[in-house]
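Dear colleague,

Please find below the structure that I am handing over to you. A description of what was found in it follows.

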Amino acid sequence: MRNVVPSNLTCGIFDHLDEDGRDIARQYADRLTLAEAYDRLGFYAYHLAEHHCTPHGLGPSPNLFLSSVIQRTRRLRVGPLVMLLNLYHPLRAFEEICMLDHLSGGRVEVGLGRGSLPIELSYFGVGADVASSRYEEASQIFVGAMNGGPLSYEGRHFALSDVPLTLSPHQRPCPPTWIATNRPDSARWAAANGANLACMGPSSAVRKITDVYRANRNAEGDANSSAPFLALLRMVVIASSESAARSLAVPAYETWLKSFRFLYELNDIPPPSNLPLSLEAAIESELCVVGTRASVRQTLLDHVEEAGVNYLLCQLAFGSLPLEACLNTATAIHSELIAAERAV
């Protein structure tokens, strides 16, 4: 059991922007209030998921919402985790990221991915038979655009010929990139390409992925840049007592779970076999950490150590959690982990 906060531990925020049961404009306003608090409390970045046609994600255009976040913050970094490249022309995606990077003064972190639920892509005419190859081409074009133009590409899904690139990102050579995965082959790719890695699941399982990452990492670039982030996702609720924390977390998780299962049930698709169907199951599987400041601190530090990560990705707003409860948890994490790490 670890009691001391590791000197290299960084804390960030992950958000599905899932439905909380209230007016959506009010929910957006509350999330912006939370973003201001995350900025003030020293969280490193705010990472926003992209989902479509589901209450599991009410931010289907992450860059649009993040353009509001950057106007309300000064240091907090922002980015999609992940940007579903299958639903963009890669040149359009590149131009949006360049705009956001300049508008934020170079605070963008770019997560790239295919998406976890094929039905969301199918609503836009992207079938499962082409999703993989289309994503591979789009990611090649996107990364190539970061290197400057003119840009040419010939593939199955995209054809570009000497396209002039009049925009470039604020950060040089490009914004940090992320992938979210629990697959060893994706971890190898991330390590070889210097991408940051975000994982979820039991700490022992995540450790297998971070070990693969470290074994395949090219550390030559570390002399000129910071070491990559290896992130562990946890949903967190902190209150004055264990019972108070659980009384908040139980209905919130039920609401989040209903949103998560929406598209599965609508389309008669079996949900993931490892999906926890209750808060107790979510705590047992290490998806959720719920309790007092002291107990949550200890549990999170134990998870970080076992998983071999250096970035704690906290999901503090989910389901029906009220704004004040989310703010309380954010403040507690600042006191127990962020401020404590800076004091080391």
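The largest nonpolar core has 100 residues, and of these Phe43 and Tyr253 touch the most other members. A nonpolar core here is a set of buried Ala, Val, Leu, Ile, Met, Phe, Trp, Tyr and Cys residues joined through side-chain atoms within 4.5 Å; buried means under 20% relative accessible area, exposed over 50%, and partly exposed in between, with a 1.4 Å probe and protein chains only. Helix H8 (residues 242-266) gives the most to this core, with 9 residues. Helices (H or I, at least four residues) and strands (E, at least two) are DSSP runs, numbered from the N terminus.

This is a predicted model, in which local features need pLDDT of at least 70 and side-chain atom pairs count only at pLDDT 80 or more, while totals for chains, interfaces and linings use all residues. Residues are numbered from 1 along each chain as its sequence is written, and side-chain values use heavy atoms, with hydrogens and water left out.

Leaving aside neighbours within four places in sequence, tyrosine 253 is in contact (heavy atoms within 4.5 Å) with Met235, Pro276, Ser278, Leu279, Ala282, Leu287, Cys288 and Phe318. Apart from the largest core lies another, of 13 residues, among them Ala49, Leu81, Val82 and Phe229.

Two of those residues recur in the backbone: a cis peptide bond joins leucine 81 and valine 82, with omega about 5 degrees. Valine 82 is placed in the loop between strand E3 (77-80) and strand E4 (83-84). Another cis peptide bond joins glycine 149 and proline 150, where omega is about 0 degrees. Proline 150 is found in the loop between H5 and E6.

Strand E6 (residues 151-154) shows an alternation of side chains: Leu151 and Tyr153 point to one face and are buried, while Ser152 and Glu154 point to the other and are not. In a regular strand the side chains alternate between the two faces of the sheet. E6 runs antiparallel to strand E7 (residues 159-163), and 3 bridges join them; two strands pair if DSSP finds at least two bridges between them. A hairpin of 4 residues connects E6 to E7, and the bridge partner of glutamate 154 in E7 is alanine 159.

Two residues other than glycine deserve a note on their phi values. Aspartate 268, with phi near 55 degrees, lies in the loop between H8 and helix H9 (279-284). It counts as exposed, at 71% relative accessibility. Glutamate 286 has a positive phi of about 75 degrees and lies in the loop between H9 and strand E11 (288-291). Glutamate 286 is buried, with a relative accessible area of 18%.

Finally, there is the matter of enclosed space. A cavity is a set of points, on a 1 Å grid over the protein atoms alone, where a 1.4 Å probe fits but cannot get out; lining residues have an atom within 4 Å of a point. Grid points are joined across faces, edges and corners, and a volume is the space filled by probe spheres set on the points. The count comes to 1 cavity of 30 Å³ or more. The cavity is lined by Ile238, Arg293, Val296, Arg297, Leu300, Ala332, Ile333, Glu336 and Leu337. Helix H10 (293-307) and helix H11 (323-343) each supply at least two residues of this lining.

Yours faithfully

Note on methods. On a 1 Å grid over the protein atoms alone, a cavity is a set of points where a 1.4 Å probe fits but cannot get out, and a pocket is an open set with protein on both sides within 12 Å along at least five of seven lines; lining residues have an atom within 4 Å of a point.
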